[in-house]
Amino acid sequence: MHFVGIDLAWGERQRTGLAVLDDQGRLVHLSSVHTDEEIRDALAPYDGPMLAGIDAPLVVTNPTGSRIAEQELNRDFRAFEAGAHPSNTGKPEFANGTRGARLCRLLRLDMDPRSGRERRAIEVYPHPATVVLFGLRKTLKYKDKRGRTLDTMKAELLQLMDHLERVVPPNRTWQALRADVEGASRKSELGRAEDQVDAVVCAYVALFAERWPERVTTYGDFERGYIVTPTLHDAHTVIREAVEEYARLQPGLVTVAEDYVGLVTSVLDEAGINYLSVTGRAKSVSSFATKAARTIDGLPAYSDPLREITDQVGVRVITYVRSDVATVADVLGAQLTMLDDRDLGQETASEGRFGYASRHLLVSDSDGRVAQVQVRTVLQHAWAEFEHDIRYKGTVPAEHARDFDRRFTLAAGLLELADQEFTTIRERLRGASVSEPSTDGITPRELAAYLAGQYPDAEWSRPDHYAWIASLLPELGLTTLAELGDVLSGVDGASLVARMDYRYPPGAVRRLDDALLAAFGSQYVDLPGNAHRRGLLRTRLERMTG
């Protein structure tokens, strides 16, 4: 069966938009015509089973005022500015019947919404349909009316196209139409596009009504005129109220996000874990609204958005190698309350495929503030960002979708192999021996190599941490690796590890930090370079000596 959308002009001098979806919901035709004969000819290739959604009155019997269908629909959708215009036989367009009815006869379409025939039509109305399907708080203002500018109309039409691309895969014709909208310099150019966009909405409503008849409402009846549209749920009010409440909370969440970035950074630094970056953000109000309004098969994805959308505060930790992802998760789990822990890479692998890989932690701090922490390697991050930009911004032509899926999968597999190789390289470096350089000072690179041999079981630390602790050594009178080695030889490493009782694997710099603290005691605490953490060091020293 094909699902046809007809944004029918009331007269043949105006443009009529046509769209056709196949039985898989793929867009196979998109055009703009004028006459009934042009409509018939454009739809001639689709001569088999068909359900057409027509945006125009099909049945009008009332001499004045509005049809019962329009009155009923307006009661539900007036608050969304999605009410229908009145239709009556007193208007010249309907005095001798409707153009929609004539077109249905020409196309051999049964207009009865209760019909079970192979070829039939229903009257639809895009505005209320988009409110329900896409969770809109108000209808999008892309039509040319007084007070609307080209820029605002263009932005609203592009927003509608964004929504449609989530339910109807775009093809080349659609991409060309989108380019025309983006490049429009006159309102008339937008007008030529909007009819076709509305036609796609009509076609999707026809598909929706066929697949999920229990999720549509028929306002009015066949005898006096009717309109079929996806059912408006009470959840719409829930979404609107959730967005309003989130807008009130969001400024405070910005502060929470900043606090979490500082907390996670300090925890990882204290653990001596090597990582590339820690970033965070509070979800914007517009992003929250978009997510809250997501639908699955036309129904809201979230019944309680404020509770169910858990990434309102998000933190992202990027590591260098995959083994550090687990280490970061363990460290954060020891310092924060773990509410949920999902290894999406493991979930993907368990399905026998390559793809998105990231560890998603839902955590709570001591004040009960919740955040989602995503932990991934730099290679996993590169794949995820590139794949998201390409796939979810509508730039993949439908005819290339399968090929792109294959290529993204191949890239994910190659990056997983690269992650494994980087881990292997680091493991081998840990056991490498490094000769003492003939310099007066110890450079961060030399120190890193030395510590890899001194603490072969320790994780690598951040490059800036090696530089920082190397800068402390001259303050202790240590300018060569030999002098450092003499100091460390006097420290019982196994006993120190037992006393510290690390809750997570410490990095090489943390191991050296504790060894220097054990060797020099208060002298190390009082170094100018340790001024910012003297309280922490004294606590550690008490644990070592207590």
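I began with the word contact, which here means heavy atoms within 4.5 Å. With that in hand I looked up how contacts spread along the protein chain of this predicted model, and I noted that, among contacts between residues at least 6 apart in sequence, 68% join residues at least 24 apart.

Next I took the overall picture. I found 21 helices and 14 strands in the protein chain, and I noted that 49% of its 546 residues count as buried. For the accessible surface of the protein chain I wrote down about 25,800 Å², with 51% of that belonging to carbon and sulfur atoms.

I then turned to one sheet. I saw that this sheet is open and has five strands in the order S3-S2-S1-S4-S5, with mixed pairing; strand S3 (27-33) and strand S5 (119-123) are its edges, each pairing on one side only. On average, and with direction ignored, I have its neighbouring strands turned by 15° against each other. Looking at S5 again, I found that it runs parallel to strand S4 (residues 50-54) and is joined to S4 by five bridges, and I noted Ala 121 in S5 as the bridge partner of Ala 52. I also followed helix H1 (residues 36-43), which lies across strand S1 (2-7), strand S2 (16-21) and S3, and runs at about 15° to S2.

Last, I looked at the surface, where Leu 276, Tyr 320 and Val 378 form a nonpolar patch with about 220 Å² of accessible area together. I placed Leu 276 in the loop between helix H8 (235-271) and strand S8 (277-282), and I entered Leu 276 as partly exposed because its relative accessibility is 39%, and partly exposed covers what lies between 20% and 50%.

Definitions and conventions. Residues numbered from 1 in each chain as written. Predicted model: local features only at pLDDT ≥ 70, side-chain atom pairs only at ≥ 80, totals over all residues. Heavy atoms only, no water. Pairing = 2+ DSSP bridges. Helix = DSSP H or I, 4+ residues; strand = E, 2+ residues; numbered from the N terminus. Axes fitted to C-alpha atoms, helices over the stretch in contact; angles between N-to-C directions. Patch = residues over 30% accessible without salt bridge, like charges linked within 9 Å, V, L, I, M, F, W, Y side chains within 5 Å. Areas by Shrake-Rupley, 256 points an atom, 1.4 Å probe, with all protein chains shown as cover. Salt bridge = Lys/Arg side-chain N within 4 Å of Asp/Glu carboxyl O. Buried < 20%, exposed > 50% of the residue type's maximum accessible area, 1.4 Å probe, protein only.
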